[in-house]
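Please open the model in your viewer, with the cartoon drawn and the side chains ready to be switched on. The stops below say what to select next and what is found there.

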Amino acid sequence: MGDTCPIPVVKTKNAIKELNGAGVVETLVDNEIAVQNLTKMANQKGYGVKSEKISDGQYKVTMEIGEEAAAGNTALSANDAAETEKEENCAPNAIHGNTVVVISADHKGDEELGKVLIKGFIYALTEQDVLPQTILFYNGGAKLTCEGSESLEDLKDLAARGVEILTCGTCLNFYGITEKLQVGSVTNMYDIVERMSSADRVIKP
């Protein structure tokens, strides 16, 4: 309740993992979009799912994880672990390959909604099984790595797990926030272009 996308889906996935087998997970949410997202996730995973409106602004989504689906989750986890061992001392949520995430604004589209979406995007990065190698911030995106950013804790979490956080120094200087940088280090546009050019994959929200 009160969580924006994609947090309800992430919390539900974590609850299902904690079952460590077959069982039932009930998720309470406060909007129909969250119900749709949870239902879609359940259908993709092969879980039994039903939803009901409890009251205005309160919905319950019930997922039933059967033995077959639970076994599939266990097998997938085992395969993931085997693949992980092949990597160089990799752990869960380990960096894999050369994926670069590029964030050039502190919002996406409409400013008010866009700030919520960017925050959700960065949070979703923290929940991925495979983390990016580098996240580049420039233009208005530079504000996200500075004091006052609602994404600071998520970015610090990513940095603590080895993700390189780089912010354009020219952009920090332009906005007068150089001294407010709170996570990662300063870079320049030449380095940003070089990293994007040499990346195996570039992701831009």
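Select strand β5 (residues 134-137) together with strand β6 (residues 164-168), which pair in the parallel sense over four bridges; two strands count as paired if DSSP finds at least two bridges between them, and strands (E, at least two residues) and helices (H or I, at least four residues) are DSSP runs, numbered from the N terminus. Within this pairing, L136 has L166 of β6 as its bridge partner. Before going further, note that this is a predicted model, in which local features need pLDDT of at least 70 and side-chain atom pairs count only at pLDDT 80 or more, while totals for chains, interfaces and linings use all residues. Residues are numbered from 1 along each chain as its sequence is written, and side-chain values use heavy atoms, with hydrogens and water left out.

Stay with β6, where four of the five residues are buried, so that the strand is mostly covered; buried means under 20% relative accessible area, exposed over 50%, and partly exposed in between, with a 1.4 Å probe and protein chains only.

Now widen the selection to the open sheet of five strands to which these belong, ordered β7-β6-β5-β4-β8 and paired in parallel. Its edges are β7 (185-187) and β8 (201-203), and because each has a single partner strand, one side of each is left without a neighbour in the sheet. With direction ignored, neighbouring strands here are turned by 30° against each other on average. Adding helix α7 (residues 189-198) shows a helix packed on this sheet and touching β4 (99-103), β5, β6, β7 and β8, with its direction at about 135° to that of β6; touching means contact, that is, heavy atoms within 4.5 Å, and the axes are lines fitted to C-alpha atoms, for helices over the stretch in contact, with angles from 0 to 180 degrees between N-to-C directions.

Next, centre the view on I103, which lies in strand β4. What surrounds I103, leaving aside residues up to four places away in sequence? Its contacts are F121, I122, I135, L136, F137, Y138, G141, L144 and P205. With a relative accessible area of 1%, I103 is buried. A distance drawn between the C-alpha atoms of I103 and I122, which are 19 residues apart along the chain, should read 9.6 Å.

For the next stop, show the side chains of F174 and Y175. The structure holds one aromatic pair, and because the ring centres of F174 and Y175 are 5.2 Å apart and their planes stand at 85°, the pair is edge-to-face; rings of Phe, Tyr and Trp (its six-membered ring) pair if their centres lie within 6.5 Å, and planes under 30 degrees apart count as stacked, over 60 as edge-to-face and the rest as tilted. F174 counts as exposed at 68% relative accessibility, whereas Y175 counts as partly exposed at 30%. Add K143, whose charged end sits over the ring of Y175 at 4.5 Å from its centre; this requires NZ of Lys or CZ of Arg within 6 Å of the ring centre and within 35 degrees of the ring normal.

Then move to the open sheet of three strands, which has the order β1-β3-β2 and antiparallel pairing. Since β1 (23-29) and β2 (48-55) stand at the edges with a single partner strand each, one side of each is left without a neighbour in the sheet. The twist averages 20° from one strand to the next.

Select β1 with strand β3 (residues 58-65), an antiparallel pair joined over seven bridges, and look for T27 opposite V61 in β3 and for V29 with its bridge partner Y59. Helix α1 (residues 7-19) packs on this sheet, touching β1 and β3, and its direction makes about 160° with that of β1. Helix α2 (residues 32-45) lies across β1, β2 and β3 and runs at about 5° to β3.

On the other side of the pairing, seven bridges join β2 to β3 in the antiparallel sense, with G48 bridged to E64 of β3. The hairpin of β2 and β3 has two residues between the strands, and there G57 takes a positive phi near 75°. Six of the eight residues of β3 are buried, so this strand is largely enclosed by the rest of the structure.

Finally, return to the whole protein, which has seven helices and eight strands and in which buried residues make up 37% of the 205 residues.
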